[in-house]
Amino acid sequence: MKRKGLMHGADYYPEQWLSRPDILKEDIRLMKLAHINTVTLGVFAWSALEPQEGVWDFTWLDQMMDTLYENHISVILATPSGARPAWLAKAYPEVLRVSEDRKRNLYGMRMNHCYTSPAYRRLVREIDERLAKRYGNHPALKAWHISNEYHGECHCPLCQNAFREFLREKYGALEALNKAWWTGFWSKTFTDWEQIESPSSRGEMALQGLTLDWKRFVTKQTVDFMRREIETVRAYAPSVPVTTNMIGSFIEVDYPKMAPWLDVAALDCYPQWGGGPDYEIAMDAGFEYDVTRSLKKSPFWLLETTPSLTNWPAVGKPKAPGIHVAGCLQAIAHGSDSVQYFQWRKSRGGYEKFHGAVVGHCGHEHTRVFRETARLGEILENLGEIEGTKTISQTALLYDWNNRWAIEGSKGPRCDKFYEETIREHYRALRRYGVNVDVIDEEQSLEGYRLIAAPMLYLVKEELPQRLMQFVQAGGVLLLTYFSGITDENDLCFQGGFPGPLGELAGVWAEELDLLYPQERGGFCCTGESLPGEGRWSCRDYCEVIHAREADVEACYTSGWYAGMPALTRRRIGKGEVWYLAARAENDFLFLLYGRLLERAGAAYIPGGLPKGVTLCTRCGQKERYLFYTNWNGQPVTVEMPEGEEMLRTGEAKGEQGSMDPLETVILKQKLQ
Ligand code: GLA
């Protein structure tokens, strides 16, 4: 179906309103008013489609698909495996999850199913197959939405067996497993595969190799379940794209392992606007978008966000006027080709009756939320040429699920590791230079980047150091920091001194790690040639005591027993450089440092950075480049903008290009040479 503009739509649950044909009719009228061109159907519709085992009812969905098509609205059709009917759980208790304390859940909630259960896999296959056969060639069908926010884990006997199978395949012999998990510690040597159990608060929580492998297994099992769903629908609709709604940086599922099976990467994102300065909320949302886009290095879809409020945080605050348009255009700026909401219409009852929706309980269009949604819809209608344009990043942040799991799971050297905060601090410092940033894991390609930042690279996968070396030798600039090169993939510490295999790159030896109490501050100053020597900088939490073996010293500590020792080093290798930052430096220093690194890397960036509170993202087509500027400050700012046609300005026309009102977005279009 030919669509005008970018995708704009919502999760639509007509099955909740089957006794109200008047409302279903009204929905279509309202969708048109809101410039909705795509809806997601069927996400939790299992009991409406199969009210009893083997009893099917597709009449309402047939009608919906046809009506939507007649009204030029496309459908993203979901497989309903995210929630199941009560009859199913009663008839097949094995589908219910067993929690880590080995108790089987009762029927209830959603995502309460075992990914291993053959019964669940069979029942899901059956319903998916029927949906695919029936609607695979329907002209309204735009894409498949496989399940919903896959997550969670099950510790049932079926999963325990599958876990052991996974371990057998991975290690071959128990001896190898014992070695990898360092089971000599606390007398944990396994002599039979059957002795191995998933981690539990009532059992094993201290064997970090086991915990890591369990998390890998959970991802593998989840992906395996998803792949079966994909295979089922593909068999009947081979050319219909397949996606699933991931949750950005959500730690449970290793998304880089999921993404290869999808045609389009997609996410649900609910920035908590009003919960802090808009700029900071926007930066955090931007990070989520960049994580998702980087999975396939292609445009992604924003599959869920709220038109107003969410009902699950402590305070479900509605978006203030202007935030909706600015926040959703930000997703487009970061590479999304769609804005979809949860949800179209507020339900009368149930868990999410207070969650924001395009249509509220009042049921009409005369609301602020509806007006702002319709306004965005109109804007998206005019941005059709942006669809498919790419985000080209010369800069990448290394952010790996295995590393996150290992850091989080390691007992010491401090409880709060601040890994997630640190990654975002580096992200923000980079973004202030108006550069696009890819967020990649340790296995993704390093090609095309000029600068790679890898803060707190604690767990190092085997091939990474060599790949980083090639990157640097070819002219890349790499930033490493404290608490890096500590363990291999099994969480076994590297022998011969930290940062382990990264030592050869950085040219430093990290002898000790001083950890600061929350109120404590350290200090350092620049002493080398590369950064301005003036001023003292503060640092917190981590101060690594390093020796510059084959590196130039750029900054030295001014505090602690290690005063005078290096706090920042730089080593040239081939055509590139490796920088090593030994302390958790204050944000202003990170900003300064990244300016220098971008310059040395020969990357395109805005010297001096963007004005505070302003973001810039760039997308590239075949012949055009689109620059998205947004002012997240509470007051107007002037931004130096390059020449370009003003394709969109969400505020008042100004006459002068650089002036921006609060929450205003400007898209500049430039011809590529
Ligand atoms: C998730 C789910 C939706 C809904 C929203 C509410 O993203 O996928 O079904 O529950 O949260 O914010």
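**The cavities and the ligand pocket**

Modeller: Helix α8, which spans residues 208-236, gives the most to the lining of the largest cavity, with four residues, and this picture comes from a predicted model.

Colleague: What makes Y115 and W214 part of the lining of the largest cavity?

Modeller: A lining residue has an atom within 4 Å of a grid point of the cavity, and the residues that line the largest cavity include Y115, C154, W214 and F217. By class, this lining has six nonpolar, two polar and one charged residues, around a space of about 50 Å³.

Colleague: Which helix gives the most to the lining of the second largest cavity?

Modeller: Helix α12, residues 368-381, gives the most there, with three residues. The second largest cavity holds about 50 Å³ of space, and among the residues lining it are P307, K319, R368 and E372.

Colleague: Why is the pair formed by R110 and the ligand called a polar contact?

Modeller: A polar contact needs N or O atoms within 3.5 Å, and a polar side-chain atom of R110 lies 2.7 Å from an oxygen atom of the ligand, so this pair is a polar contact. The value for N148 is 2.9 Å and that for E149 is 2.6 Å, each again to an oxygen atom of the ligand, and therefore these pairs also meet the cut-off. The protein covers 96% of the 300 Å² of accessible area that the ligand has on its own.

Colleague: Where does the ligand sit?

Modeller: The ligand sits in the largest pocket, and the shell around the ligand has four nonpolar, three polar and five charged residues.

How values were computed
Residues numbered from 1 in each chain as written. Predicted model: local features only at pLDDT ≥ 70, side-chain atom pairs only at ≥ 80, totals over all residues. Heavy atoms only, no water. Polar contact = N/O pair within 3.5 Å; in protein donor to acceptor, adjacent residues only side chain to side chain. Areas by Shrake-Rupley, 256 points an atom, 1.4 Å probe, with all protein chains shown as cover. 1 Å grid on protein atoms, 1.4 Å probe; cavity = no way out; pocket = protein on both sides within 12 Å on 5 of 7 lines; lining within 4 Å. Sits in = over half its atoms within 2 Å of the grid points. Nonpolar A, V, L, I, M, F, W, Y, C, P; charged D, E, K, R; others polar. Points joined across faces, edges and corners; volume = space filled by probe spheres on them. Helix = DSSP H or I, 4+ residues; strand = E, 2+ residues; numbered from the N terminus.
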